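Here's a quick briefing to read alongside the structure. Take a look at the fold first, then go through the points below.

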Amino acid sequence: MGVFGRNHARVYRELEQQGEPVRLVGVVDPNLDRADAVAREFGCRSFGSVEQMLTTHSEIRAASVAAPTVHHLEVSRALMEAGVDVLVEKPLAASLAEADELVQLAFTHKRVAQVGHLERFNPAVRATIPLLTQPMFFEVHRLSVFTPRSLDVDVVLDLMIHDLDIVLSFVNSSVKEVRAVGLPILSGKVDIANVRLEFDSGCVANFTASRVSTERVRKLRFFQPNQYISVDYGRQEVLVFTLGADGSGAVASGTPTVNPQIKVAKPPVTSEEPLHAELKSFLHAVQQRATPMVPLEDGRRALALALDIVAAIRDHEKKVGLTNVATRSII
């Protein structure tokens, strides 16, 4: 279950209290003390294994898989084979082969299966989708202070993968070139990384992800013809700067800036906890037997790109002689 699994339990319980057609049955964690503590907190049962839970509660129809990534396939397989729909946290799996097996399991057992790319449900991201025309340049920053969680994977799979998924969904084009550099700082894995992607469409995207920063920043900015759009994931805000006329030829709407040719607008955003929106969407897909908003195939696509980036970082380390070198500074 882990730290984020507790958040899933909390939100399921909140949805139940708000009248959604869901009941939190239990939580699973091999650490029984942790499982018991979460179960007491949210008024459900605790189990030491998925098998134990399924044996005593055959009525379970949906579950979140928030285990360490290396256990996603094993846990999800047990659930799907028992007829349970799953939401699998990101990254989807530890390898593409495991991701492909998850996709096949969902197909074989006719399960609703969603991947937990949380930022898809960020209200600011949702408000940005109708504004997309032809994105050509992205600048993305996701900086976090150091915490001793998710250190089993590189920062690319831990943090950057959120933004890779968003940009892939915005650009809707294949990646042509990957250039990347990364360094271990406080862990044995890459803690800070910078990546440049070029797409077949001609779009270019720069990403910086760090889990050893002194501040927390989660921002995505991009340019498209006559527009610059800034998305603040944390504040759940969108700013749109438009030059001259909009796509229809009409004068761009918004508040004039210092430059009279540029107007700025702030699209309305209805604030909501992304995890709340994500789990509601998952439950709706389960109830309607519908394809989820973020299917496993999208998780596989983001994972494939993330693994390509990790490989590019390794190649760069070898080229510049940084293999097995760890620094001890914080930026």
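Which helix lies across E3, E4 and E5? That's helix H8 (residues 274-288), which runs at about 155 degrees to E4. Keep in mind that this is a predicted model. The notes below start with the sheet under that helix, then move on to other strands, a helix pair and two single residues.

**The E3-E4-E5 sheet**

- E3, E4 and E5 make up an open sheet of 3 strands, in that order, with parallel pairing.
- Strand E3 (62-65) and E5 sit at the edges, each pairing on one side only.
- From one strand to the next, the twist averages 15 degrees.
- E3 and strand E4 (residues 85-89) run parallel and are joined by 4 bridges.
- If you want a register marker here, Ala63 has Val86 in E4 as its bridge partner.

**Strands E6 to E9**

- Strand E7 (residues 175-183) and strand E8 (residues 192-199) run antiparallel, with 8 bridges between them.
- Gly182 is the residue standing opposite Ala193 in E8.
- E8 also pairs with strand E9 (residues 204-210), again in the antiparallel sense, over 7 bridges.
- Glu198 faces Val204 of E9, standing opposite it.
- The hairpin of E8 and E9 has 4 residues between the strands, and Gly202 in that hairpin takes a positive phi near 100 degrees.
- E9 has a parallel partner too: strand E6 (residues 137-143), joined to E9 by 7 bridges.
- Phe207 in E9 is a handy residue to click on: Val140 has Phe207 as a bridge partner, and so does Val195.

**How enclosed is E9?**

- E9 is largely enclosed by the rest of the structure, because 7 of its 7 residues are buried.
- On one side, the buried residues are Val204, Asn206, Thr208 and Ser210.
- On the other side they are Ala205, Phe207 and Ala209, which leaves both faces of E9 covered.

**Helices H5 and H9**

- The axes of H5 and helix H9 (residues 296-320) come within 10 Å and cross at roughly 175 degrees.
- Angles over 145 degrees count as roughly antiparallel, so that's how H5 and H9 are arranged relative to each other.
- On the H5 side, the contact uses Leu96, Ala99, Asp100, Leu102, Val103 and Ala106.
- On the H9 side, Leu296, Glu297, Arg300, Leu303, Ala304 and Leu307 take part.
- Sorted by class, this contact has 9 nonpolar and 3 charged residues, and no polar ones.

**Two residues to look at: Asp232 and Lys110**

- Is Asp232 buried or exposed? Asp232 counts as buried, because its relative accessibility is 13% and the cut-off for buried is under 20%.
- You'll find Asp232 in strand E11 (residues 227-232).
- The Asp232 side chain reaches the backbone nitrogen of Arg235 at 2.9 Å.
- Leaving out residues up to four places away in sequence, Asp232 touches Ala124, Arg218, Lys219 and Glu237.
- Lys110 sits in the loop between helix H5 (96-108) and strand E5 (113-116).
- Lys110 is exposed, because its relative accessible area is 66% and exposed means over 50%.
- Lys110 and Val84 are 26 residues apart along the chain, and their C-alpha atoms are separated by 9.8 Å.

Technical notes: Residues are numbered from 1 along each chain as its sequence is written. This is a predicted model: local features need pLDDT of at least 70, side-chain atom pairs count only at pLDDT 80 or more; totals for chains, interfaces and linings use all residues. Side-chain values use heavy atoms; hydrogens and water are left out. Buried means under 20% relative accessible area, exposed over 50%, partly exposed in between (1.4 Å probe, protein chains only). Axes are lines fitted to C-alpha atoms, for helices over the stretch in contact, and angles run from 0 to 180 degrees between N-to-C directions. Angles under 35 degrees count as roughly parallel, over 145 as roughly antiparallel, 65 to 115 as roughly perpendicular and the rest as oblique. Contact means heavy atoms within 4.5 Å. Ala, Val, Leu, Ile, Met, Phe, Trp, Tyr, Cys and Pro count as nonpolar, Asp, Glu, Lys and Arg as charged, and the others, Gly among them, as polar. A polar contact is a pair of N or O atoms within 3.5 Å; within protein, one must be able to donate a hydrogen and the other to accept it, and residues adjacent in sequence count only if both atoms are side-chain atoms. Two strands pair if DSSP finds at least two bridges between them.
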